[in-house]
Amino acid sequence: MNDRTAYTGIDEFRLAAALLVITIHTSPLASCSETGDFFLTRVIARMAVPFFLMASGFFLISQYACDAGRLWAFLKKTAVLYGISIAVYLPLNLYNGYFSGKHFLPELIKDLVFDGTMYHLWYLPASMLGAGIAWYAVRRLGFKKALIVTLGLYTVGLLGDSYYGIAEKLQILSVFYQNLFEITDYTRNGIFFAPVFLVMGGMAAEEAARGERLSLRICGAGLGISFLLMSCEGLLLRKLGIQRHDSMYLFLLPCMYFLLRLLLFRRGSRKERIRTWALLIYIIHPMMIVGVRLLAKLAGLESLLIQNSLAHFLAVSILSVGCSIAAAELYTGLYGKKKNSGKHSAVQGKDRAWIELDLDNLRHNVTELRRAMQPGCELMAVMKAESYGHGMYETAVCVSRMGVNAFAAASVEEGIRLRRFGISGEILILGYTDPERAGELRRYDLTQTLIDYRYARLLNRQRQTVKVHVKVDTGMHRLGFGKEAVEQIAQVFTMKNLKVCGIYTHLCTADSLEAEDVRYTKQQIGSFYGLLEKLKERGIVIPKVHIQSSYGLLNYPELPCDYVRAGIALYGVLSAPGDRTRLELNLRPVLSLKSKVVLVRKIRTGESVGYGRAFTAERDSRIAVLPMGYGDGLPRNLSCGRIQAVIRGQRVPVIGRICMDQLMVDITDAQGISVGDVAVFVGWDGGLEVTAADLADRSGTITNELLSRLGGRLVRTTAGM
Ligand SMILES: *Cc1c(COP(=O)(O)O)cnc(C)c1O
């Protein structure tokens, strides 16, 4: 997330939430109105902790989190904080006689996991436990089901909290809760309370990323109404006297839902510092309560600072805020610089050879392609071969967040990988799949291409209901039913285990505007639509129809279809440098290919460089060694001056033969190049561009091949994620 899209509202509200937590523990209105105090501390302030949880969920819980890295980082950080907080409060624990209880060890374990060793510290284990549960539930079940499960947990929590009076009256429930309260003092904990808010936070983040938003008015009205209902609920439950504890309300859920969405409207720059302040205020304020008491006693100001609840609250708040800010600033002053210079993680992977993805450009291309498509037609994002070398995870997640709901892959493995990343919607397998793998097709809800009649029958025999698209060969003579095979195709629609969801063909020369090729393509298109007509005449309801890949769209944009299967254009490039198309879209390349100078050396006239001594210096020269080679996907036939890299805005030729893991460039004529400089092989540097299409052309191939071979070993870094 970059600065432009930071959610300032969430950061800022943390401060308000931290102050609300102080009200819970100081009861500012206690000395004037009991009901007022209840309303402030047991209703309004009950929004504070759920807010913290939702904010954590917002940045942590993602349907697309394929690796657990962020969760581990969160758990580790919170655990360290918890450890420190426990240590900080040990003196108070000692003073309170915490260690003299009878069942010390079981009590300690209970406190460590659920209740906190100091009353307010329960939040830290709860957020860890809750994050684990929420993360796992969303990962396994997706957001909707995870929400239902965690709502279930919350309901169990409610009946042990504000609604305990009801549970108490029912035999089974009361036995259940009696046992439960042996293990934990409250249901307001990491199992029953925290998960639902974390899930809701994650949902809000996903919706925001997709650009889905409620209007400001709806959010405001929603918050107002649910807050009113929650207030009535709280006051009523209190009147009825059925509360065992007062942390959980039914209407707290919609309240939090609308509150977070309202806060999302406030965008601006990141406010990391406020985050730290709020956290510190939360952790240290009980200490400040003790401090104020002590101070009051020493100064003889008890009547003001303790008896007057409002003054007490103000004193604690001012002290907490002041100390937190001072501590945070002191810490950054002492360690901030060190932390910055140790920012290795940001450049990790940029120490050798890497791919840089510009996801803003990918999003731009999606919009551009959608604009070019006929109304009602959907984009099918082609993700085969690691998304043409761009990285399947990064690209699939990015486009799916834009609402792209159809994907294409080459194999079952690729399809399953997409599902594991949390991709929902249609995934079409374009190539052959062994019919015996029908079970996997069904389990992962993949759609299989029928490559001919014989294949359709084999797949049908597997006794697994599988979604399929019929492929028609209209002239490429690769996969598909013959264009005359009306009878056979009609039969496929009657096969019991095949659910025909689509029918398509592939154009083999749509990239060319030569008259002969255009004629051929029009023939292909004609025979495909002709076939559809014949199927219609037989009473078959035509499923989703698609013909165009990238060049199909660019040269034949007017075809009425349900999908466009876009690959190369989605990644912002054309197959060959000189290609002209009828529709000229403003597409932007997504990928850059870069490496780093690791060694600069001098060689004398007559000395050679690299394998086979293919380069011999004709003058005293300076060369730079870059750790990238054909093992990274840079074709070996680009050796010996065929291409130039750009370093510090200057073009420098590759000399000698490209090795598997390194290559050398001649920098004799360039200025100021030294170890650590970045060399650009595809992309922009200092106003100079190297295009993938040009590189491919020089290598005697097309961009598609060059990109898809930029395989396994290159690290991918993203901008605009
Ligand atoms: C690869 C492929 C595409 C995508 O082609 P681009 O030219 O990259 O857009 C579309 N359809 C089929 C059948 C493919 O194999």
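In this predicted model, the ligand is surrounded by 13 residues, and the closest of them are K384, Y388, S550, R565 and G567. Three side chains can be followed from there to individual ligand atoms. The side chain of K384 brings an N or O atom to 2.7 Å from an oxygen atom of the ligand. For S550, the corresponding distance between a side-chain N or O atom and a ligand oxygen is 2.5 Å. R565 addresses a nitrogen atom of the ligand instead, with a polar side-chain atom 2.8 Å away. Taken on its own, the ligand has 380 Å² of accessible area, and the protein covers 90% of it. Two elements give two or more residues each to the shell around the ligand, namely helix 17 (384-388) and strand 10 (563-566). Sorted by class, that shell holds five nonpolar residues, four polar ones and four charged ones.

R565 also leads away from the ligand and into the protein. Its side chain is joined to the side chain of H506 by a polar contact of 2.9 Å, while a polar atom of the R565 side chain lies 2.8 Å from a ligand nitrogen. H506 itself sits in the loop that runs between strand 8 (498-505) and helix 23 (515-537). Is H506 buried or exposed? With a relative accessibility of 19%, H506 falls under the 20% limit and therefore counts as buried.

H506 provides a convenient bridge to the internal space of the model, since H506 is one of the residues that line the largest cavity. Rolling a probe the size of a water molecule over the atoms shows where empty space is left. How many cavities of 30 Å³ or more does the count give? The count comes to one cavity of 30 Å³ or more, and the volume of the largest cavity is about 40 Å³. Its lining is made up of K471, V472, D473, T474, M476, R478, L479, T505 and H506. Strand 6, which covers residues 466-473, gives the most to this lining, with three residues. By class, the lining divides into three nonpolar, three polar and three charged residues.

Strand 6 also marks one end of a loop with a backbone feature worth a look. R463 is placed in the loop between helix 21 (453-460) and strand 6. Phi of R463 is near 55 degrees, a positive value in a residue other than glycine. The relative accessibility of R463 is 71%, so this arginine counts as exposed. A second arginine, R648, likewise has a positive phi, of about 50 degrees, although R648 is not a glycine. R648 is found in the loop between strand 16 (644-647) and strand 17 (650-655). Its relative accessible area of 51% is over the 50% limit, so R648 is exposed.

At the level of the whole chain, the model contains 26 helices and 21 strands. The C-alpha trace spans about 95 × 80 × 45 Å along its principal axes. Of the 721 residues, 51% count as buried.

A few residue pairs help to relate positions in sequence to positions in space. I191 lies in the loop between helix 8 (171-183) and helix 9 (194-210), and with a relative accessible area of 25% I191 is partly exposed. Along the chain, I191 and G157 are 34 residues apart, and their C-alpha atoms are separated by 8.5 Å. A406 belongs to strand 3 (residues 406-409) and is buried, with a relative accessible area of 0%. What distance separates the C-alpha atoms of A406 and R619? These two residues, 213 apart along the chain, have C-alpha atoms separated by 57 Å. F39, in helix 2 (residues 34-43), counts as partly exposed at 27% relative accessibility. From F39 to R716 there are 677 residues in sequence and 52 Å in space, C-alpha to C-alpha.

Notes
Residues are numbered from 1 along each chain as its sequence is written. This is a predicted model: local features need pLDDT of at least 70, side-chain atom pairs count only at pLDDT 80 or more; totals for chains, interfaces and linings use all residues. Side-chain values use heavy atoms; hydrogens and water are left out. A residue is near a molecule or strand if one of its heavy atoms lies within 4 Å of it. A polar contact is a pair of N or O atoms within 3.5 Å; within protein, one must be able to donate a hydrogen and the other to accept it, and residues adjacent in sequence count only if both atoms are side-chain atoms. Accessible areas come from the Shrake-Rupley method with a 1.4 Å probe; for residues, only the protein chains shown count as cover. Helices (H or I, at least four residues) and strands (E, at least two) are DSSP runs, numbered from the N terminus. Ala, Val, Leu, Ile, Met, Phe, Trp, Tyr, Cys and Pro count as nonpolar, Asp, Glu, Lys and Arg as charged, and the others, Gly among them, as polar. On a 1 Å grid over the protein atoms alone, a cavity is a set of points where a 1.4 Å probe fits but cannot get out, and a pocket is an open set with protein on both sides within 12 Å along at least five of seven lines; lining residues have an atom within 4 Å of a point. Grid points are joined across faces, edges and corners, and a volume is the space filled by probe spheres set on the points. Buried means under 20% relative accessible area, exposed over 50%, partly exposed in between (1.4 Å probe, protein chains only).
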